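This report describes the fold of one protein chain and the surroundings of its ligand. Please keep the structure in view while reading.

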Amino acid sequence: EEQSTFRHGVVRILPDGWLYPGTTPRFLNRIQSFKFRPDDVFVMTFPKSGTTWMQEILWTMIFNPNLDNPQATQPLLVRSADISVDMMFDTVKLDEVNPESMYEAFKQLCPGKNEEDGLAVQCLDAMPGQRVIKCHYPLDLMPPDLLDKTKVVYVARNPKDMVVSFYHFYKVIKVFDYKGSLDKFIKLFMDNNVVYCPYWPHIKEAWKKRNHPNLHFVFYEDLKADPQGELRKLNQFLATDLTEQQLKNVVQHTTFSSMKSRGDPLPDKGLYNEELHQTSGGFYRKGVAGDWKNHFSQELNQEMDKWIKENIGDSGIHFKMD
Ligand code: A3P
């Protein structure tokens with residue numbers, strides 16, 4: 001049951017013990033030889049930390065600051081592909097694939113490509129112009145000179161809200177199909193037995209590099225509290241030179257309710273346990289800071305506080321919990 005957060009084989013990648021689907025090492029090799037471009041922008045996150053939100057913010061800042069670009073109606077996965085998604089496709093493929101699955105959608109985006117070589121990497125290769133690239137792999141698994149080649153925006157979210165969001169996601173996504181309780185899930189998570197774990201080395205490595213000129217570190221909670229202020233910093237980091245009005249446009253276009261109204265970023269029904277997906281609010285579930293308070297028992301909260309304290313150590317990371 002320890003592996004119940006993933007229905008297919010998993011692998012631990014050393015030294016930090018990243019828990020990923022079994023095919024991942026093959027795709028990591030492809031990334032070592034990936035053709036980075038100097039104007040690429042990577043959105044790097046531990047899952048459920050605000051990845052999609054930041055992808056939409058950056059894409060809109062770069063390509064749609066006046067909100068008049070007709071391409072904006074394309075699904076986000078077309079406008080901003082995920083370099084780390086191949087590991088999931090490969091395992092989805094082993095499953096009974098719904099013809100409308102995201103995997104199939106991706107294959108259509110990259111006609112004639114060889115699946116073995118990683119569809120995401122090939123799609124990204126074929127993408128013209130500037131790219132906003134999603135990446136759940138940590139810096140540790142990317143080429144060591146990544147920050148010499150490209151810019152990275154790292155989004156971190158407090159682990160209590162992140163894990164609640166993660167838990168819902170693991171219940172609604174078919175390849176995970178998690179059936180246990182939240183308490184059990186959080187224990188698996190704290191023991192690094194959930195796919196994508198461990199959480200701490202992911203965030204700590206980026207935090208250590210937060211003053212690197214090509215890395216911008218931002219907290220979900222700060223983005224939520226003062227989006228215009230955070231977008232001003234991104235405007236500097238990206239050298240996009242947007243006006244205050246344009247930044248305001250982007251903020252309005254990327255609020256939770258605005259993004260939710262435009263529909264799910266994973267439009268494919270085959271990916272979800274559909275009934276649960278409907279009742280839990282869908283991909284845009286809640287979009288707030290502090291929702292963990294509606295889900296945590298006092299005991300669980302104490303346990304997690306202890307775990308956070310032990311792991312945060314003297315890193316200097318400070319999370320806002322509400
Ligand atoms: P919740 O499940 O807490 O609602 P990711 O994109 O990394 O998978 O993260 C998903 C989380 O970000 C979900 O959290 C989702 O609702 C939230 N989110 C997505 N868009 C958002 C937005 N525009 N504003 C605030 N939160 C957003």
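## The ligand shell and the fold

In this predicted model, the shell of residues around the ligand comprises 5 nonpolar, 10 polar and 5 charged residues. Of the 20 residues in that shell, those that come nearest to the ligand are T51, T52, S165, R285 and G287. Three elements give two or more residues each to the shell, and they are listed below with their residue ranges.

| Element | Residues |
|---|---|
| α2 | 51-63 |
| α8 | 159-172 |
| α14 | 256-261 |

The chain as a whole contains 16 helices and 6 strands. Its length is 322 residues, and 41% of them count as buried. Among the contacts in the chain with a separation of 6 or more, 75% join residues that are 24 or more positions apart.

Strands of a sheet pair through backbone hydrogen bonds, in either a parallel or an antiparallel manner. Here, 4 strands form an open sheet in the order β4-β3-β5-β6, and their pairing is parallel. Strands β4 (132-135) and β6 (215-219) stand at the edges; each has a single partner strand, so one side of each has no neighbour in the sheet. On average, neighbouring strands of this sheet are turned by 20 degrees against each other, direction ignored.

One pair in the sheet may be followed at the level of residues. Strand β5, which covers residues 151-156, pairs with β6 in the parallel sense over 5 bridges. Which residue of β6 is the bridge partner of V152? The partner is L215.

Conventions
Residues are numbered from 1 along each chain as its sequence is written. This is a predicted model: local features need pLDDT of at least 70, side-chain atom pairs count only at pLDDT 80 or more; totals for chains, interfaces and linings use all residues. A residue is near a molecule or strand if its C-beta atom, placed from the backbone, lies within 6 Å of it. Ala, Val, Leu, Ile, Met, Phe, Trp, Tyr, Cys and Pro count as nonpolar, Asp, Glu, Lys and Arg as charged, and the others, Gly among them, as polar. A residue is buried if 20 or more other C-beta atoms lie within 10 Å of its own, exposed if 12 or fewer, and partly exposed in between; C-beta atoms are placed from the backbone. Two residues are in contact if their C-beta atoms, placed from the backbone, lie within 7 Å. Two strands pair if DSSP finds at least two bridges between them. Axes are lines fitted to C-alpha atoms, for helices over the stretch in contact, and angles run from 0 to 180 degrees between N-to-C directions.
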